[in-house]
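Hello,

Here is the structure I promised to pass on to you. Please have a look at it first, and then read my notes below.

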Amino acid sequence: MTRADQITAQDERFHPPTRDREGAEILDIDYYAPFLLNAVASAWGRQTSAIYRRDFGLGLTDWRVLAMLNIEPGITASRVCDVIRMDKAAVSRSLKTLNEMGHLRHEQPGADPRKRLWWLSDRGLQVHAEILAVALGCEADLIRDIAPEDLETFLKVMRQMLANIDPK
């Protein structure tokens with residue numbers, strides 16, 4: 001995108017993502033979408049990760065992997081990475097941890113260990129259900145006082161932003 005395109009795109013906004021300070025253009029972080037996305041994600045991660053570690057001995061990555069295996073049982077680590085958009089090393093570490101804790105089971109249809117298919121074990125399903133209740137409670141706190149129509153618009157916008165930068 002050229003600078004001219006950026007200026008045109010900014011002109012279409014109610015509030016530009018920059019402001020003037022003594023003749024210099026600076027970011028206005030209250031209107032710069034990447035800052036707000038990152039700030040919310042970081043605060044969310046700190047809050048929920050602390051709860052998951054304290055109550056379940058698991059981190060946020062572990063929860064994301066557990067959730068993905070419940071959504072799509074019998075998938076490969078590579079598929080987990082693609083869907084939750086995490087790097088392979090983090091997912092691999094999480095699978096190892098979860099497996100050692102007895103939360104997973106797997107099959108290896110061929111000789112290649114990278115092609116393992118993963119499921120939640122009975123214990124993993126139980127832990128998933130317990131964390132899900134906590135996660136939904138945290139989400140309820142996050143979206144408290146947001147009108148349902150505003151939340152739907154927000155979710156639609158977030159899906160579009162994701163498609164804009166990482167079409168799958």
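Let me begin with helix α2, which covers residues 33-56. This helix has 24 residues, and from its first C-alpha to its last it reaches 33 Å, close to the 34 Å expected at 1.5 Å a residue. Please keep in mind throughout that this is a predicted model.

Which residues of α2 are buried? They are G45, T48, S49, I51, Y52 and F56. Several of these numbers lie three or four apart, and a general point about helices helps here: an α-helix has 3.6 residues a turn, so residues three or four places apart point the same way. The buried residues of α2 pack against two other helices, α3 (60-71) and α6 (122-143). After α2 comes G57, which has a positive phi, near 70 degrees.

On the α3 side, L60 is a good residue to display. L60 is found in helix α3 and touches G45, T48, S49 and Y52, leaving aside residues up to four places away in sequence. Those four partners are also among the buried residues of α2. L60 itself has a relative accessible area of 23%, so it counts as partly exposed. If you would like a longer distance to check, the C-alpha atoms of L60 and R13 are separated by 34 Å, with these positions 47 residues apart along the chain.

From α6, I would pick out H128. Is H128 buried or exposed? Its relative accessibility is 8%, so H128 counts as buried. H128 touches W63, L66, A67, N70 and L120, again without counting residues up to four places away in sequence.

Next come two helix pairs. Two packed helices are described by the angle between their axes and the distance between the axes.

The first pair is α3 and α5. Their axes are 9 Å apart and the helices pack at an angle of about 80 degrees, so α3 and α5 are roughly perpendicular to each other. From α3, the contact takes in T61, D62, V65, L66 and L69, and from α5 it takes in A90, V91, S94, L95, T97 and L98. By class, the residues of this contact of α3 with α5 are seven nonpolar, three polar and one charged. L66 is worth a second look, as it is part of this contact and also touches H128.

The other pair is α4 (residues 77-84) and α5 (residues 88-100). Their axes come within 9 Å and cross at roughly 120 degrees, and α4 and α5 are therefore oblique to each other. The crossing of α4 past α5 is right-handed. Here A77, S78, V80, C81 and I84 in α4 meet K88, V91 and L95 in α5. The contact of α4 with α5 has six nonpolar residues, one polar and one charged. V91 and L95 of α5 meet α4, and both also take part in the contact with α3.

Finally, a word on backbone angles. Most residues other than glycine have a negative phi, and most peptide bonds are trans. Where does R85 lie? R85 is in the loop between α4 and α5, and its phi is positive, near 55 degrees, although R85 is a residue other than glycine. With 34% relative accessibility, R85 counts as partly exposed. E22, not a glycine either, has a positive phi of about 55 degrees. E22 sits in the loop between β1 (18-21) and β2 (24-27), and at 79% relative accessibility it counts as exposed.

Best wishes

How values were computed
Residues are numbered from 1 along each chain as its sequence is written. This is a predicted model: local features need pLDDT of at least 70, side-chain atom pairs count only at pLDDT 80 or more; totals for chains, interfaces and linings use all residues. Side-chain values use heavy atoms; hydrogens and water are left out. Axes are lines fitted to C-alpha atoms, for helices over the stretch in contact, and angles run from 0 to 180 degrees between N-to-C directions. Angles under 35 degrees count as roughly parallel, over 145 as roughly antiparallel, 65 to 115 as roughly perpendicular and the rest as oblique. A crossing is left-handed if the near helix is turned anticlockwise from the far one by less than a right angle, and right-handed if clockwise. Contact means heavy atoms within 4.5 Å. Ala, Val, Leu, Ile, Met, Phe, Trp, Tyr, Cys and Pro count as nonpolar, Asp, Glu, Lys and Arg as charged, and the others, Gly among them, as polar. The expected span of a helix is 1.5 Å times one less than its number of residues. Buried means under 20% relative accessible area, exposed over 50%, partly exposed in between (1.4 Å probe, protein chains only).
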